Amino acid sequence: MGTRYNRKDMKQIDFQHPYPRYGFAAALVASESFNIPEHLETWEDVRQLAVETLKDGLNYFSVFTKDDPALEATTALTFDYVKTDLNPGKASGQIAAKGYFLAPHVVTSDGSAANTVGEAKLLIQTLEKCKTEKDLFKPYDLKRSFAPLTSKVNNGSKSAQNPKASLRDAAFTCITTLTRFKPAVYAAYQKGSFANAVMIPDLPLYSVEQDQEEPSYPMVDFVEEFRKMQESIKADHYMIGEVAPDKKSFRRPNLHKGNYPNAPSDSKLNAVSVVAAIAEWYKKNLEQGKRAAHIKAVLDSLKGRPLYIVSYEFARQERFSHHLISLALQHDVPKLQKAVWRSKIYGVEKFDDPKRQLFNLAFTHLLQLYTSTDFKNFMAYRAEYPAEFSPIFNNYFMDAENLSPTLVRSARAYGQSLNNAAYRTANKKYEEDQKAGRAGLSVDENKARILTELESRVLSAKSKPELLSQISITIGRMTGKDFYPEAGEFMEEVLTEKVSLKQAQYLITAFMRLRSVATASTEEAKNTTVASAEA
């Protein structure tokens, strides 16, 4: 009979690498729709679990549309999965130019798609031919078409060869490549180039903590919760695509922008985007008691663990600090991810400017790790931020810099006094130019110049008294008005030992760059809604 595989005691089943381990967890979650026993009693059950999950994965390999974008009546493209006659490639006509696309969760490329399908079918055939448990553990070639993290190696032979794993591990590796139950997006990896990208967390299958009476199954719990997140959105939302302006080419459906709720609008996949989405899912289920506790446990299990971002074209590893979970539970991080695009980076006009991409990356790293180095890197880009960024700075200064909430609130009032003064001065200059018929700078351009001058004064101060003195004189000269009353505590504390010169400079600079509703540009006011609580 061989080894008894108890599905509820996964100490007996393990995988050294998280990639096939994820495939096994995904197979267990998917098996609800298969005729697989609750307990994996025998090696045949494990084999059958792999076979059925591989077959299921091929049913969600590609999407296609029958709609013709060239027709005047076509206002949107409706997609479906290719459930029969799957045969990607030019020979069959299943190509992008004819409305066929790889689903974003499949970790391969257009050029290798046919090979991936062929290898998955070969694995199914090989598994079905297994007659003993030993057959399940015979060596099997790991080919890059279904194992994207591998590459050929030369072990003293004349030519490079594929690395090997057991047939079992190869099967579950392929399942990870195919399964739709993992975070995925069609992502840009270099200018003008896109590829499917997925996230695989390095979680154990089986875990027993000292304070737990029952074992937990972190990897399975993650996959199960992710599947439920996906099911919370109507399927037709994912399967609708826009019609291209030229009415000629096909565009991918919404599924490719992110296959889970609250995916970022810029089609980025990273630790921040996934943690933020799970946190929003937790908030949505807060009233469900045990359900919410389970989601929170999944969120906590990711903390400090390696997260692999995998594509056929690239791979990287990420981690995040506990600060990100706190921020995501307290605030709407998906909203912050959208707001970053409204930051006004000085000297940057276009959205595809490389400097903006680097700024956005620095912003993501700040949310992800919350270290002083990441904060400094983010602040290195001179910009004016949307009002929604306030919680980021509040949390950073209170948590990472250990400053009191009252001090941080007062510092925000000080910085906002400066931002408002810059706006009033810029607006006055603009109105004067308009009355005199002069072709001067816009309000935003004048404001950027004033803020840059103020920032230079802040950063050049050699002492805390000099810092406050220079800024007070400048603001008084500009507006003839004093600071907001709430700023008084900050000015008092700066002159004590509680706040260093460097901390004071960063507090002022960060909150001075923070735009308020009252000073938002006319164009932004038309297109965005900023929470009044952040004003």
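1. Salt bridges. In this predicted model, a search of the whole structure gives 24 salt bridges. Three pairs and one network are described in the points that follow.

2. R227 and E231. These two side chains form a salt bridge, with an N to O distance of 3.7 Å. Both residues belong to helix 6 (residues 218–231), where they stand 4 residues apart, which means a separation of about one helical turn. Because an α-helix has 3.6 residues a turn, residues three or four places apart point the same way. The two ends of the pair can be described by accessibility: R227 is buried, at 10% relative accessible area, while E231 is exposed, at 54%.

3. R457 and E453. A salt bridge of 3.6 Å, N to O, joins these side chains. The setting is helix 16 (residues 443–460), in which R457 and E453 are 4 residues apart, about one helical turn. R457 is partly exposed, with a relative accessible area of 28%. E453 also counts as partly exposed, with a relative accessibility of 37%.

4. E388 and R342. Here the side chains meet in a salt bridge at 2.9 Å, N to O. E388 sits in the loop between strand 12 (383–384) and helix 14 (390–400), and R342 in the loop between helix 11 (333–339) and strand 11 (344–345), so the pair ties together parts that are 46 residues apart in sequence. Is E388 buried or exposed? With a relative accessibility of 6%, E388 is buried, because buried means under 20%.

5. The network. R21, D202 and R305 are connected to one another through a network of salt bridges.

6. Strand 7 and its partners. Strand 7 (residues 193–201) has 9 residues, of which 8 are buried, so the strand is largely enclosed by the rest of the structure. Strand 6 (residues 184–190) runs antiparallel to strand 7 and is joined to it by 6 bridges; within this pairing, A187 has A195 of strand 7 as its bridge partner. The two strands make a hairpin with 2 residues between them, and in the turn G192 has a positive phi of about 80°. Strand 7 also pairs with strand 9 (residues 307–311), again in the antiparallel sense, through 5 bridges. One of the contacts in that pairing is the bridge between P201 and L307 of strand 9.

7. The open sheet. Which strands form the open sheet, and in what order? There are 4 strands, in the order 3-1-2-8, and their pairing is antiparallel. Strand 3 and strand 8 (240–242) are the edge strands, each pairing on one side only. From one strand to the next, the twist averages 35°. Within the sheet, strand 1 (residues 62–65) and strand 2 (residues 76–81) are paired over 3 bridges, in the antiparallel sense. T65 has F79 in strand 2 as its bridge partner. As a general point, the side chains in a regular strand alternate between the two faces of the sheet.

8. Helix 3. Helix 3 (residues 113–128) contains 16 residues and spans 23 Å from its first C-alpha to its last, close to the 22 Å expected at 1.5 Å a residue. Which of its residues are buried? They are A113, T116, V117, E119, A120, L123, I124 and L127. These residues cover an arc of only 165° around the axis, so they lie on the same side of helix 3. The elements covering them include helix 2 (43–58), strand 3 (100–102), helix 4 (133–136), strand 4 (139–141) and helix 5 (167–178).

9. F146. This residue lies in the loop between strand 4 and strand 5 (164–166). F146 is buried, with 0% relative accessibility. What does F146 touch, leaving aside its neighbours within four places in sequence? Its contacts are E119, L123, Y140, D141, A170, T173, C174 and T177. Two of these names, E119 and L123, appear among the buried residues of helix 3. The C-alpha atoms of F146 and E119 are separated by 7.0 Å, although the two residues are 27 residues apart along the chain.

How values were computed: Residues are numbered from 1 along each chain as its sequence is written. This is a predicted model: local features need pLDDT of at least 70, side-chain atom pairs count only at pLDDT 80 or more; totals for chains, interfaces and linings use all residues. Side-chain values use heavy atoms; hydrogens and water are left out. The expected span of a helix is 1.5 Å times one less than its number of residues. Buried means under 20% relative accessible area, exposed over 50%, partly exposed in between (1.4 Å probe, protein chains only). The arc is that of the directions from the helix axis to the C-beta atoms. Contact means heavy atoms within 4.5 Å. Two strands pair if DSSP finds at least two bridges between them. Axes are lines fitted to C-alpha atoms, for helices over the stretch in contact, and angles run from 0 to 180 degrees between N-to-C directions. A salt bridge is a side-chain nitrogen of Lys or Arg within 4 Å of a carboxyl oxygen of Asp or Glu.
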